[in-house]
Number of protein chains: 2
Amino acid sequence: MAGSNAPIGVFDSGVGGLTVAREIMRQLPEERMVYFGDTARLPYGTKSKNTVIRFSRQIVRFLETKHVKAIVIACNTATACALEEIQMELALPVIGVIDAAARVAGSVTENYRIGVVGTTATIESGMYEKALRRYNEKAKVYGKACPLLVSLAEEGWLHDTITEEVVRRYLKDLQYKSIDTLILGCTHYPLLRSTFHKIAGEDVTLVNPAYEVAMELRELLTREGLSCGEDVGRAGEKYEFFVSDAAEKFCSFANSILPYDIEQVRQIDIEKFEADG
Amino acid sequence: MAGSNAPIGVFDSGVGGLTVAREIMRQLPEERMVYFGDTARLPYGTKSKNTVIRFSRQIVRFLETKHVKAIVIACNTATACALEEIQMELALPVIGVIDAAARVAGSVTENYRIGVVGTTATIESGMYEKALRRYNEKAKVYGKACPLLVSLAEEGWLHDTITEEVVRRYLKDLQYKSIDTLILGCTHYPLLRSTFHKIAGEDVTLVNPAYEVAMELRELLTREGLSCGEDVGRAGEKYEFFVSDAAEKFCSFANSILPYDIEQVRQIDIEKFEADG
């Protein structure tokens, strides 16, 4: 078992999970972190459950070589498709982004009408609905797949009339349902938060799973006696970043959203790791 | 060496190459075809050259097991990044989508100002510019990466005000250059042809590489004595489709754009094939 000073493993299909990494850096500044972004095979949101499970297993095998003490699946699609399998196969604590967000959404809704936006794979999985029912059995959950939003966020059109128009079209169905709470069920979406806020309106509470999962991680580490006992200080020593492709591009995107500048991103061949359970 | 009744191998990162497959079916109706779409790892257009070469090599290894007589790289990104390597490594004839389109564009332009739209990887490769210079040394080539258009085409928003607005924004730079010819340098873009035509205007000639590469393939097969001598007739026996993920989704997209209904799409594990040159 890795000790409490070991790093936390965080992974995503690419850069979206950096919104989760950013929250972990803010809320748990003493923790070390190893981040992996699967930039050679992104996006996951349009792919099948079995393929996402295979990819996730390979990444977990890689993170194990880094002796992580816990794993955060910082990707809604991978959480929806693979969290249960990974939890069953691993002795380490593993958490995803769905459960914490569902718990918060279930407690803040007043009219029990909750919307979820995410990738096609996340919405089709029904995992948010399943999780919400655990926390609020009266909740009615309305999902809407928004496949274009990841591309718009990666294009950098964050505050843009075209992005507003796309969000308006995607949210129309949910607005007919009179939702009072909206879960941003893809780790890219916090980058479009102000657009969502503008289109959804003042009366809809936005829930950001990136924020909530960092809170859950803190509770988990405390409960398991795994909180880091010493702060090594410099970000460059505390955080390690790995990708499966295009390290430079990842680096410049990361530097635009993280609170400090990444010095090094290393590329690895993720296909070499075992994909079978 | 495979005989003249062997199939042609055609590959793409996903469904975009079906616009090429469609042209081959129309222009060379007697030929057999094995199509592979790398749906587990799509899109290629945002990935690095080395990764696209690795993926392409694995696909070529797979097509070799099908005893194809020639290979068409039905993907602009893979052509831009990997055609030269694959041609050097293989005894079979291999063609891509760039050369034929460049030849046609070089011959139809009257003011020598040619625009190219495509993925980031295709545009950054400069391969269209290089090819155009071969056919028309006076040509000035203006490239524009349009990363959102693949997602818009896959979302099915083919005739849509949002898509028009996105195309208008991407084409603005090229219009300032007074181009009279525009190459649709991504195999998804023929699906958006009417939108490109509307925004670019009557005075701009659109060049569709999918059409041109089917013409080039016919010439190549004739020249090499590889044209199919017998038409087996039924499409279900002539064409085979393989993908690395989500066969059903591929099938329904294919059936919306091909001239006949696909009966079977088989999923294979492409990562098992050798990626080294």
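Q: How many residues does each chain put into the contact?
A: In this predicted model, chain B brings 32 residues and chain A brings 32 residues.

Q: And how much area do chain B and chain A bury between them?
A: About 2500 Å², with 49% of it on carbon and sulfur atoms.

Q: Which residues of chain B lose the most area to chain A?
A: That would be B:Leu148, B:Arg169 and B:Glu271, which together account for 23% of what the chain B side buries.

Q: Nice. How many salt bridges are there between the two chains?
A: The count between chain B and chain A is eight. One of the pairs joins the side chains of B:Glu271 and A:Arg41, at 2.9 Å from N to O. B:Glu271 is also among the three residues in chain B that lose the most area to chain A.

Q: What about polar contacts, how many residue pairs?
A: Between chain B and chain A there are 19 residue pairs in polar contact, both residues being at pLDDT 80 or more.

Q: Which helices of chain B each supply at least two residues to the side touching chain A?
A: α2 (49–65), α7 (148–155) and α8 (161–176) of chain B do that. α8(B) gives the most, with six residues.

Q: What's the mix by class on that side?
A: The side of chain B that touches chain A has 12 nonpolar, nine polar and 11 charged residues.

Q: Switching topic: in what order do the strands of the open sheet in chain B come?
A: The order is β6-β5-β7-β8, four strands with parallel pairing.

Q: Why is one side of β6 and of β8 left without a neighbour?
A: β6 (140–145) and β8 (205–207) of chain B stand at the edges and each has a single partner strand, so one side of each has no neighbour in the sheet. On average, neighbouring strands of this sheet are turned by 25° against each other, direction ignored.

Q: How many bridges join β5 to β6 in chain B?
A: Six bridges link β5 (residues 113–118) to β6(B), and the two run parallel. As one example, B:Gly115 has B:Tyr142 in β6(B) as its bridge partner.

Q: Now the backbone. Where is the cis peptide bond in chain A?
A: A cis peptide bond joins A:Leu42 and A:Pro43, with omega about -10°. A:Pro43 lies in the loop between β2 (33–37) and α2 (49–65) of chain A.

Q: And in chain B, which residues does a cis peptide bond join?
A: There it joins B:Leu42 and B:Pro43, with omega about -10°. B:Pro43 is in the loop between β2 (33–37) and α2 of chain B.

Q: Last one: what phi does A:His67 have?
A: A positive one, about 55°, although A:His67 is not a glycine. A:His67 sits in the loop between α2 and β3 (70–73) of chain A.

Definitions and conventions
Residues numbered from 1 in each chain as written. Chains lettered and ligands numbered in written order. Predicted model: local features only at pLDDT ≥ 70, side-chain atom pairs only at ≥ 80, totals over all residues. Heavy atoms only, no water. Contact = heavy atoms within 4.5 Å. Buried area = accessible area lost by both parts, 1.4 Å probe. Salt bridge = Lys/Arg side-chain N within 4 Å of Asp/Glu carboxyl O. Polar contact = N/O pair within 3.5 Å; in protein donor to acceptor, adjacent residues only side chain to side chain. Nonpolar A, V, L, I, M, F, W, Y, C, P; charged D, E, K, R; others polar. Pairing = 2+ DSSP bridges. Axes fitted to C-alpha atoms, helices over the stretch in contact; angles between N-to-C directions.
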